[in-house]
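User: I'd like a close look at the empty space inside this protein, meaning the pockets and cavities and what lines them. Could you then carry on to the cysteines, strands and helix that you can say something about?

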Amino acid sequence: MRIVRLLLSLFLTSGLIWMLSVQHQPGGKPLPVIGQFLNPFTGFWRNAEPSAGPELTDLNIRGLKGKVSVAFDDLLVPHIFAENMEDAVRVQGYLTARFRLFQMDITARKASGRLSEVLGERTLQVDRSSRRKGLLYAAENDLKGWVKSPETMAILEAYADGVNAWIDQLKPADYPVEFKLLNYSPEKWSVLKSALVTESMAETLCSKYDDLEATNALAAFGRDTFDYLYPEWNPKQQPIIPDTGQWVSKTRTGGRSVNPGYGAIEGRIPADETKTPDDYFVGSNNWAVSPAKSASGYALLSNDPHLNLTLPSIWYQVQLHSPMGNVYGVSLPGTPGVVIGFNEHIAWGVTNVGHDVSDLYRVKWVDSSRKSYLMDGVAREVEFKVEEIGVKGKPALLDTVRYTFWGPMPYDDQPDHPLRDCALRWTAHDVPELSILQVFLGLNTGKSYDDYKKSLAGFDTPAQNFVFASASGDIALQVQGHYPLREKEQGRFIQDGSTAATAWKGFVPWDEVPSMKNPSRGFVFSANQHSTPPTYPYYYLGGFEDFRSRRIYDRLDRLNGATPDSMKTIQLDNFSQRAADCLPAMLNLLDTSTLTGEELRIVSELKGWNFRYDAALTAPPYYEVWSDSCYRMTWDEMDVIEKSGREVLYPEIWRWIDLMQTDTSCVFFDVPATPQRETARDIVNASFKKMSAYFVSHPERKITWGAFKPLNVKHLALIDAFSRLNLQVGGHTSAPNAINGTLGPSWRVIVELGEQVRAQGVYPGGQSGNPGSRYYDNMLDTWAKGDYYPLLFMKNADEQSDRIVKKVVCSSK
């Protein structure tokens, strides 16, 4: 009997050891190797930090050429003092890897289509999409341009060396917790991976297109109705660069409209590729105020780029001091230097431009083999690029991508995809003239407006509105990017890919890119609106914001005696110009004579609403549900087209509001399924009834805006335990404080230039990527409350401050 019990114990013990030592994948989702993960010596316990923060000791970093010292402040921001720029970025790379290694790794993996190597089959479609869109191809082309400058390549390589110096000294027990959870090891960093990080941002900011939807809308409605529903210019908006007569002598392009040459294109886009009316508006704000409008007599600069908020945070704060200059700001983990920042002389910030720089061309095949296509009547061979995509626990997938004269064909592997025969022409695929690092190094070390202009000359993608202010009192803004020369409406629709005549005719000359310096109004600003009015001599198209920009313009225009505090009130402004335009029009059409007591109470609350999306207000949910229902009911014709099997473009929200204000009898307010002819009044009243029923039938739905639309700041690997969920904050995509679901201001910064630069900033997270660190999300609650931190801008390594928690010395092995 004892032998039986012994054998049974051995069997159970062996089974337990096996269970704890093998990675299991229930439902295709890999779990960590439990035994390794729970090991008290090498598992996740090792990632816990003391309550005071990480241990900071002197550093041995191979390759340093001189002395480097680092002062860490009370936010864990490193202030790096080096005797040369290469050493400064080498230490930057080392420290960024120390605190953000998983973020760097997963960002590069996503852009290169290598997530499935560590996450398994569930990310296979994401990887295929990245490869087919040509993100790795774009990064490889970046390197071809970057190597033209040996100086900047040396800095990029120094940064990669610093990252690898940290990785090389790691033991598995010291890996970030995500590597342990996913059971893989970090790879060596490279300049190519830095390029992949920049292409990841390019995909976020400048890869959207609705050529298919516009093509089908034109086919469905005809030219006159299409022009009526989809005007390209909103006359109420304030452009970034106004017409002051600077373009009078310029020759105009885009004299003729370019039609697609195709009828309707059948087929629906898969659900995971569809977009909403607000999709383009990731959103950002920046502005600069002249000394004449400020209380101190110094220029002020503000920036708050709005992106998908994550933990770890998108940005990493750093100060870099070398003989080349002294700069403070936020960096993009995986790339050297400062992206948004300031030095003793200048400050700069960015917002997304929104120009369409990616077009779809429909290829005409020679035969059904799809191996060659026609170009101006001549057959051209397709270039086949075989992408090998590793899949954890499975054989690698070989995915063949066709490349044409125009670029890759992202969807040709999907027989039923409406864009199967289309190739993608995208500026991100082009070999750049300069390294993006050269642009930001020029800004990091710049001293004047001339330095700012000179630095921007090589920046091409993703196009950005660069705002500028200097200690000498200059303010400026340049809409910088590589913009295709187009005929009118070229790129608005799917284009004929069988002739080179439909290709871009070059790019807008750099000296004619829209810009402004020291305007008489005393401020420059951008909020993703149109770059210029229609009088600009070069045709462009894209996705542009129509409401935030109007509110910001009005506030800046009225502003005098500006201070950093008044800049904060604009960044934190929850007022929605969209609601201010839309709600009065809807209330004007609402028939209250048939409403019940609770419905009348809702109307009364909406009439008293100040159009602010403050977290504690209960009116915003009523308006949101009502306006969304009214918008959807108005465009039931689009639903019919989509149900018939075709994608179609929905009119912009500003145009819908304009129709309610000026053309209430528009045929699109009619509901084709009913015998009577409806007007805007009918749709407004029907949608109000629908909204009120939604709330009246469920009293628990009467909640505040913060509870109705909470903010979720998710971990990069979508691990809820490492996320901050259900944050009840104010804001809306149409307000300057553009918060919506998972989107929001990823970095709020205000800089006052002068004899002594003063700056305040905050982002929703922390400096560390370790969920077990107090610095993982220590700034998030401050950000949510609308508070800021003074930014410690040190002049030299010996400077004393009660905010410095530790100074360390870096030496070379």
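Analyst: Here is a walk through the hollow spaces, followed by the cysteines, some strands and one helix. Keep in mind that this is a predicted model.

Let's start with the enclosed spaces. Rolling a probe the size of a water molecule over the atoms shows where empty space is left. In this model there are nine cavities of 30 Å³ or more. The largest cavity comes out at about 360 Å³. Its lining is made of 25 residues, and Met-201, Leu-332, Val-339, Ile-436 and Phe-440 sit nearest the centre. If you want to find the walls on screen, look at α9 (191-206), β5 (300-308), β10 (346-352), α11 (436-444) and β17 (464-470), the elements that give two or more residues to the lining of the largest cavity. Of these, α9 gives the most, with four residues. What classes of residue make up the lining of the largest cavity? There are 17 nonpolar and eight polar residues there, and no charged ones.

Now move to the second largest cavity, which holds about 120 Å³ of space. Its lining counts 15 residues, with Asp-142, Trp-146, Ile-436, Asp-460 and Thr-461 nearest the centre. You've met Ile-436 already, as one of the residues nearest the centre of the largest cavity. Helices α6 (135-146), α9 and α11 each supply at least two lining residues to the second largest cavity. Once again α9 gives the most, this time with three residues. By class, the lining of the second largest cavity has eight nonpolar, four polar and three charged residues. So keep α9 highlighted while you look around: α9 is the top contributor to the largest cavity and also to the second largest cavity.

Next, an open space. The second largest pocket has about 760 Å³ of space in it. Its lining is made up of 34 residues, and Glu-55, Arg-98, Trp-166, Leu-170 and Asp-174 lie nearest its centre. The elements giving two or more residues to that lining are β1 (59-60), α3 (85-112) and α8 (177-182). The largest share, eight residues, comes from α3. Sorted by class, the lining of the second largest pocket has 17 nonpolar, eight polar and nine charged residues.

On to the cysteines. A disulfide is a covalent bond between the sulfur atoms of two cysteines. How many does a search of the whole structure find? Zero. Take Cys-582: the nearest cysteine sulfur belongs to Cys-630 and is 7.0 Å away, and Cys-582 is in no disulfide. Cys-582 is also buried, with a relative accessible area of 0%. Cys-666 is in no disulfide either, and for Cys-666 the nearest cysteine sulfur is again that of Cys-630, at 12 Å. Like Cys-582, which is buried, Cys-666 is buried, here with a relative accessible area of 4%.

Now for the strands. In a regular strand the side chains alternate between the two faces of the sheet. You can follow that in β16 (residues 422-426), where Cys-422, Leu-424 and Trp-426 point one way, Ala-423 and Arg-425 point the other way, and all are buried. Because five of the five residues of β16 are buried, the strand is largely enclosed by the rest of the structure. Strand β11 (residues 358-362) runs antiparallel to β16 and is joined to it by five bridges. To pick out one of these pairings, look for Ser-358, whose bridge partner in β16 is Trp-426.

There is also an open sheet of three strands, in the order β6-β22-β23, with mixed pairing. Its edges are β6 (310-311) and β23 (724-727), each with a single partner strand, so one side of each has no neighbour in the sheet. Strand β6 pairs with β22 (residues 711-715) in the parallel sense, over two bridges. Within that pairing, Thr-310 has Lys-714 as its bridge partner in β22.

Last comes the helix, α18 (residues 636-643). Which residues of α18 are buried? They are Asp-636, Glu-637, Met-638, Ile-641 and Glu-642. These buried residues pack against α10 (211-229) and α17 (619-634). Just after α18, Gly-645 takes a positive phi of about 105°.

Note on methods. Residues are numbered from 1 along each chain as its sequence is written. This is a predicted model: local features need pLDDT of at least 70, side-chain atom pairs count only at pLDDT 80 or more; totals for chains, interfaces and linings use all residues. Side-chain values use heavy atoms; hydrogens and water are left out. Buried means under 20% relative accessible area, exposed over 50%, partly exposed in between (1.4 Å probe, protein chains only). Contact means heavy atoms within 4.5 Å. On a 1 Å grid over the protein atoms alone, a cavity is a set of points where a 1.4 Å probe fits but cannot get out, and a pocket is an open set with protein on both sides within 12 Å along at least five of seven lines; lining residues have an atom within 4 Å of a point. Grid points are joined across faces, edges and corners, and a volume is the space filled by probe spheres set on the points. Ala, Val, Leu, Ile, Met, Phe, Trp, Tyr, Cys and Pro count as nonpolar, Asp, Glu, Lys and Arg as charged, and the others, Gly among them, as polar. A disulfide is a pair of cysteine sulfur atoms within 2.5 Å. Two strands pair if DSSP finds at least two bridges between them.
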